[in-house]
Amino acid sequence: MVHVLSSRVLVRPSDPERSRAFYGTALGLEIYREFGTGPGRGTVYFLGGGFLEVSGRAASPATGTLQLWLQVADAAAAHEELLAHGVEVLRPPVQEPWGLIEMWIADPDGHRIVLTEVPADHPLRYRP
């Protein structure tokens, strides 16, 4: 069983500034963190504990605009478990230049899902 510790929904907007105004101002979501600079910067908002609802039926195929970010305790163990369950792994666990260990899978509709391990010495684990 994959033990998910945290989750996040990734939105790839057509107009990032308009989307930041919507989520930050119109909805009033508090900012968790920001990264990068300029109009291409990223903003992560608090969204409670994080949920994923699976319901209804899609009328058309997935578009690739939705991705899920799931934090796991051990990416290598998750990789082995997922392979054992016949899940297609798009990319096995790799330590990224920013220090996180990430692997990619997709759900049956093609929605991309990143499973991320935050190493014990990574800055996300502590506040300076």
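Where along the protein chain is E96 found? The residue sits in the loop between β5 (89–95) and β6 (101–106). This placement comes from a predicted model, and the paragraphs below move from the overall fold to individual positions before returning to E96.

The protein chain comprises two helices and seven strands. Read from the N terminus, the elements follow the order β-α-β-β-β-α-β-β-β. The C-alpha trace spans about 45 × 45 × 25 Å along its principal axes. Of the 128 residues in the protein chain, 27% count as buried. The exposed area of the protein chain is about 9000 Å², and 57% of that area is supplied by carbon and sulfur atoms. Among contacts with a sequence separation of 6 or more, 44% are between residues 24 or more positions apart. As for charge, the protein chain carries 11 positive and 15 negative side chains, with the centres of the two sets 7 Å apart.

The interior may be taken next. In soluble globular proteins, nonpolar side chains tend to be buried together. The largest nonpolar core of this model consists of twelve residues, namely L68, L70, V72, A75, A78, L82, V89, I101, M103, I105, I113 and L115. At least two residues of this core are supplied by each of β4 (66–72), α2 (75–84), β6 and β7 (112–117). L82, one of the core residues, touches V2, V87, M103, I105 and L115 when residues up to four places away in sequence are not counted.

Helix α2 also contains H79. Is H79 buried or exposed? H79 counts as buried because its relative accessibility is 14%, which is under the 20% limit for that class. Leaving aside neighbours within four places in sequence, H79 is in contact with V89, P92, P93 and M103. Two of these partners, V89 and M103, are listed in the largest nonpolar core.

Strand β7 holds V114. With a relative accessible area of 1%, V114 is buried. Beyond its neighbours within four places in sequence, V114 is in contact with L68, W69, L70, E102, M103 and W104. Of these, L68, L70 and M103 are core residues. By contrast, the C-alpha atoms of V114 and R33, which are 81 residues apart along the chain, are separated by 19 Å.

At the N-terminal end of the chain, R8 is found in strand β1 (residues 4–11). R8 has a relative accessible area of 22% and is therefore partly exposed, a class that lies between the 20% and 50% limits. Once residues up to four places away in sequence are set aside, R8 touches Y32, V44, Q67, L68 and W69. R8 and F51 are 43 residues apart in sequence, while their C-alpha atoms are 8.2 Å apart in space.

Two loop positions may be considered together. L29 lies in the loop between α1 (16–26) and β2 (31–35). Its relative accessible area of 22% makes L29 partly exposed. Not counting residues up to four places away in sequence, L29 touches Y23, G24, Y45, F46 and L47. For L29 and F46, 17 residues apart along the chain, the C-alpha separation is 6.4 Å.

The other loop position is P39, placed between β2 and β3 (42–45). How does P39 differ in class from a buried residue, and what accessibility assigns it? P39 counts as exposed because its relative accessibility is 60%, a value over the 50% limit. P39 nevertheless has contacts outside its neighbours within four places in sequence, with P16, E17 and R20. The C-alpha atoms of P39 and E17, 22 residues apart along the chain, are separated by 6.9 Å.

The account closes with E96. Although E96 is found in a loop, it counts as buried, at 12% relative accessibility. Leaving aside neighbours within four places in sequence, E96 is in contact with R91 and E102. With R91 the side chain of E96 makes a polar contact, side chain to side chain, at 2.6 Å. E102, the other partner of E96, is also among the residues in contact with V114.

Conventions. Residues numbered from 1 in each chain as written. Predicted model: local features only at pLDDT ≥ 70, side-chain atom pairs only at ≥ 80, totals over all residues. Heavy atoms only, no water. Helix = DSSP H or I, 4+ residues; strand = E, 2+ residues; numbered from the N terminus. Buried < 20%, exposed > 50% of the residue type's maximum accessible area, 1.4 Å probe, protein only. Contact = heavy atoms within 4.5 Å. Areas by Shrake-Rupley, 256 points an atom, 1.4 Å probe, with all protein chains shown as cover. Lys, Arg positive; Asp, Glu negative; His and termini not counted. Charge placed at Lys NZ, Arg CZ, Asp CG, Glu CD. Polar contact = N/O pair within 3.5 Å; in protein donor to acceptor, adjacent residues only side chain to side chain. Core = buried A, V, L, I, M, F, W, Y, C linked by side-chain atoms within 4.5 Å.
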